[in-house]
Amino acid sequence: PSSSTMKTRVITATVSNPSSSTTSSRASAAAPPPAKRRDSKLWSETFDVRLGETQTLSPKEIKRQEAIFELAQGEQDLVEDLKLAKKAYHDPMLKLKIMTEQELNQIFGTLDSLIPLHEDLLSRLRDARKPDGSTEHVGHILTAWLPCLSSYTPYCSNQVKAKALLDQKKQDRRVQDFLQRCRQSPFSRKLDLWNFLDIPRSRLVKYPLLLREILKHTPNDHLDQQHLDEAMLMVQSVVADINRRTGESECQYYKDRLLYTEDGQRDELIDQSRTLSCHGELKNNRGLKLHVFLFQDVLVITRSLSLNDQPVSYQLCRQPIPIRQLDLEDLSDGEMRVGGSIRGAFSNNERTKNFFRVSYRAGGQVLSHYFQASDAFNKQQWINCIRQAKEAAAQTGDQAGQCLDTGLGGEIGRLSGTGLSLRSDSGIEDEKGIHLCVLVPCDHLHDR
């Protein structure tokens, strides 16, 4: 992930974007125009609802109908996009042998299984619609359908691996050319393939918001009220469970990508971790790029490496730092020693901005690492995550650290990722790590 891409993970009503990780390090020669959105459709416009003396619906009921219609319209858009992903991307790449069937299965995961699921809900909502376009009850439809969302667990859990493989395959010229042609075609609305593959996750985390909007405009004495309350509890539970499982999958993926240069770097706190609070690219005070992982109870400092066309790996540079032994200090802009020269407190040089320090005691010495974030917002995300990790560690004592409510998965930077989080862009970012072909000794990376 790039320095501007440290994801924060939001676990309550979010599903992480494999979330994890990155934006392609190769920029196309001519960037395509911004993505186009579909024209929004309103219930009152679709069914020509006329306001006036003859209108029998109250303003509140009209808003309720708009919310129900938005739910149905979103299902229709989703079904169209999922079918498009298969027809315009998966099938042609398979037929033209741009990727192998095994690679496409890894990237697209169980996407096919989601299409009939949403076609079913769309059909039920349409059947419940009266000839005048209004819908009396939707609560019972949702309580009967929502358990089907468990099908999202394997899809979302696969997103980290899917994104990593897609980023890797984008280095292939044939893949790159095919995806670029698709993005420049009208059917794609200027979205790339990952945008389409991430649409199900985006839809999943929107259900609580859609239900809340319907509930907001449903009178307390309405027969739908009880079923909608039930549906709200159900969807929150389902999203939380998928988010937890997706977070565990993402955590395991990155644990498997860690490279240890010596046995002493292996730490049971890493092995025991089931959640990854955040991760992303930072620089040290010498300007060297690092990829830092904040697991639930331990901070891990690495360099990202590309080896023989394999997914990016992460070589540990120093001993992992237990969160309970870590001290955090926010540094003011200008008070850093950078690249061997001292910058004064009044310096406005970019190289002295957005630093923070973590310190810990080892072998009777106090050791420190200085980290520079890409900007002030990115720095604050790191600081917040580390503080929450310290608070959680203090609360749990010697027990396993608890999952932080900072985002599903999370690279810090653009709020994108695989967690079920309410992020507007595609979630997982593209990997922008240092691409080296050999393991690099990291003794020189320690800041002090």
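**Exercise 1.** In this predicted model, classify Asp-241 by its relative accessibility and place Asp-241 in its charged surroundings.

*Solution.*
Step 1. Asp-241 has 28% relative accessibility. Buried means under 20% and exposed means over 50%, with partly exposed in between, so Asp-241 counts as partly exposed.
Step 2. The side chain of Asp-241 meets that of Arg-245 in a salt bridge, 3.0 Å from N to O. Arg-245, at 39%, is also partly exposed.
Step 3. Both residues belong to helix 10 (residues 225-256), where four residues, about one turn of the helix, separate them.
Step 4. Through salt bridges that share partners, Asp-241, Arg-244, Arg-245, Glu-248 and Arg-274 form one network.

**Exercise 2.** Which parts of the chain does the salt bridge between Glu-119 and Lys-83 link?

*Solution.*
Step 1. The N to O distance in this salt bridge is 2.8 Å.
Step 2. Glu-119 sits in helix 4 (residues 111-127) and Lys-83 in helix 2 (residues 59-95); the two are 36 residues apart, and the pair links distant parts of the chain.
Step 3. Glu-119 is partly exposed at 31%, and Lys-83 is partly exposed at 40%.

**Exercise 3.** Describe the span, bend and burial of helix 9 (residues 193-216).

*Solution.*
Step 1. The helix has 24 residues and spans 35 Å from first to last C-alpha, close to the expected 34 Å.
Step 2. Helix 9 has a kink of about 40° at Ile-199, shortly before Pro-200.
Step 3. Of the 24 residues in helix 9, 17 are buried, leaving the helix mostly covered.
Step 4. At the start of helix 9, a side-chain oxygen of Asp-192 comes within 3.2 Å of the backbone nitrogen of Trp-194.

How values were computed:
Residues numbered from 1 in each chain as written. Predicted model: local features only at pLDDT ≥ 70, side-chain atom pairs only at ≥ 80, totals over all residues. Heavy atoms only, no water. Expected span 1.5 Å × (residues − 1). Bend = angle between axes of the 7 residues up to and from the residue. Buried < 20%, exposed > 50% of the residue type's maximum accessible area, 1.4 Å probe, protein only. Polar contact = N/O pair within 3.5 Å; in protein donor to acceptor, adjacent residues only side chain to side chain. Salt bridge = Lys/Arg side-chain N within 4 Å of Asp/Glu carboxyl O.
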